[in-house]
Amino acid sequence: MKDVVFMEKLDQLALSTQGSNDNETNSLLHDFGLGTKARLALCMARQSAKQKQDNQAKVSKSFDKLQPALSWLMDYRDSYEKEGTCYYDPFKAQNNTKDFKANVTRLQLAGLWDEVIALLRDHQLPDIFETNPEWVGKATTYRRLVEPLDIANYYRHARNKDCGPYMDKGRPRRYKYPQKWLERSEPKIGSPKFDSSWLMAEVEEMLRERSFIDMKEKVLDFEMEMLGWKNEGMLVLRTDIGVAEGSTFLKWWNTLPVEHRENSCIKDWFVS
């Protein structure tokens, strides 16, 4: 490939044919007919790429500082699992000190990921950031751990009455973007009808639906999807939804017609 040149020292490139320390690169650019404007564009591109790398390094540093907060939220979730319930409902109720701390931690982590998404939208992170397996993994872990808390907070404050359903009006970009990253990194996943991170948003809305006939097909799809996740080990009843007495999920289940419940593919999850 005679017409391809790989240049490692664009930051040292002279803006004219005179004065470059890299005589070989300067000569090649001269042969290509690149004048001052083209050389300036190359230098700006190099500087932009360097700034993007610096921004990613700053994000990584911030992420490392907040890793203990993420670990604490995992312990928070696990503490309720040991009590036989899902962390969704206790967080929504906010009856304990640790629930309040969980909310503060949620907001801290939201600040970091909002910053990441803002940088992405402004094209201030490397182009390969969204496909980097490390960041796709970090974002997916964050989304599946923390989004249920955002949903609980949304419905705790009845924001659905003013803004509409969470998935239509309330879902932040810090969850939308990472979900798309995962879907692109694993094409076989595609765009799922439901996802464990926002599963409870669907439950909250179906709980408010008065007509079972209007949502019957959705309920059937929802139950089949959940059963598949559970069989594949992707859904843990106590951790992800909670089927204990008084839980949001059980309240929704009890609103369904008896005939449907008796023939449902997930009927074994519940104690009569």
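Tutor: Let's start with a term: buried means under 20% relative accessible area, exposed means over 50%, and partly exposed lies in between (1.4 Å probe, protein chains only). This is a predicted model, where local features need pLDDT of at least 70 and side-chain atom pairs count only at pLDDT 80 or more, while totals for chains, interfaces and linings use all residues. Residues are numbered from 1 along each chain as its sequence is written, and side-chain values use heavy atoms, with hydrogens and water left out.

Student: What makes helix α9 largely enclosed?

Tutor: Seven of its nine residues (199-207) are buried, so the rest of the structure largely encloses α9. Those buried residues are Leu-199, Met-200, Ala-201, Glu-202, Val-203, Glu-204 and Met-206. By the way, helices are DSSP runs of H or I with at least four residues, numbered from the N terminus.

Student: Why is Asp-150 called buried?

Tutor: Asp-150 has 7% relative accessibility, and the cut-off for buried is under 20%, so Asp-150 counts as buried. You'll find Asp-150 in helix α5 (residues 133-156).

Student: Which side chain does Asp-150 join through a polar contact?

Tutor: That of Arg-106, at 3.3 Å. A polar contact is a pair of N or O atoms within 3.5 Å; within protein, one must be able to donate a hydrogen and the other to accept it, and residues adjacent in sequence count only if both atoms are side-chain atoms. Leaving aside neighbours within four places in sequence, Asp-150 is also in contact (heavy atoms within 4.5 Å) with Tyr-166, Pro-172, Arg-174 and Tyr-175.

Student: Why are Cys-163 and Cys-265 called partly exposed?

Tutor: Cys-163 comes in at 36% and Cys-265 at 32%. Partly exposed lies between the 20% and 50% cut-offs, so Cys-163 fits, and so does Cys-265.

Student: How many disulfides does the structure hold?

Tutor: Zero. A disulfide here is a pair of cysteine sulfur atoms within 2.5 Å.

Student: What is notable about the phi of His-123?

Tutor: His-123 has a positive phi of about 60° although it is not a glycine. Most residues other than glycine have a negative phi. His-123 sits in the loop between α4 (97-121) and α5.

Student: Is His-123 buried or exposed?

Tutor: His-123 has 60% relative accessibility, and exposed means over 50%, so His-123 counts as exposed.

Student: And what about Ala-158: how accessible is this residue?

Tutor: Ala-158 also has a positive phi, near 55°, and is found in the loop between α5 and α6 (159-163). At 25% relative accessibility, Ala-158 counts as partly exposed.

Notes. Helices (H or I, at least four residues) and strands (E, at least two) are DSSP runs, numbered from the N terminus.
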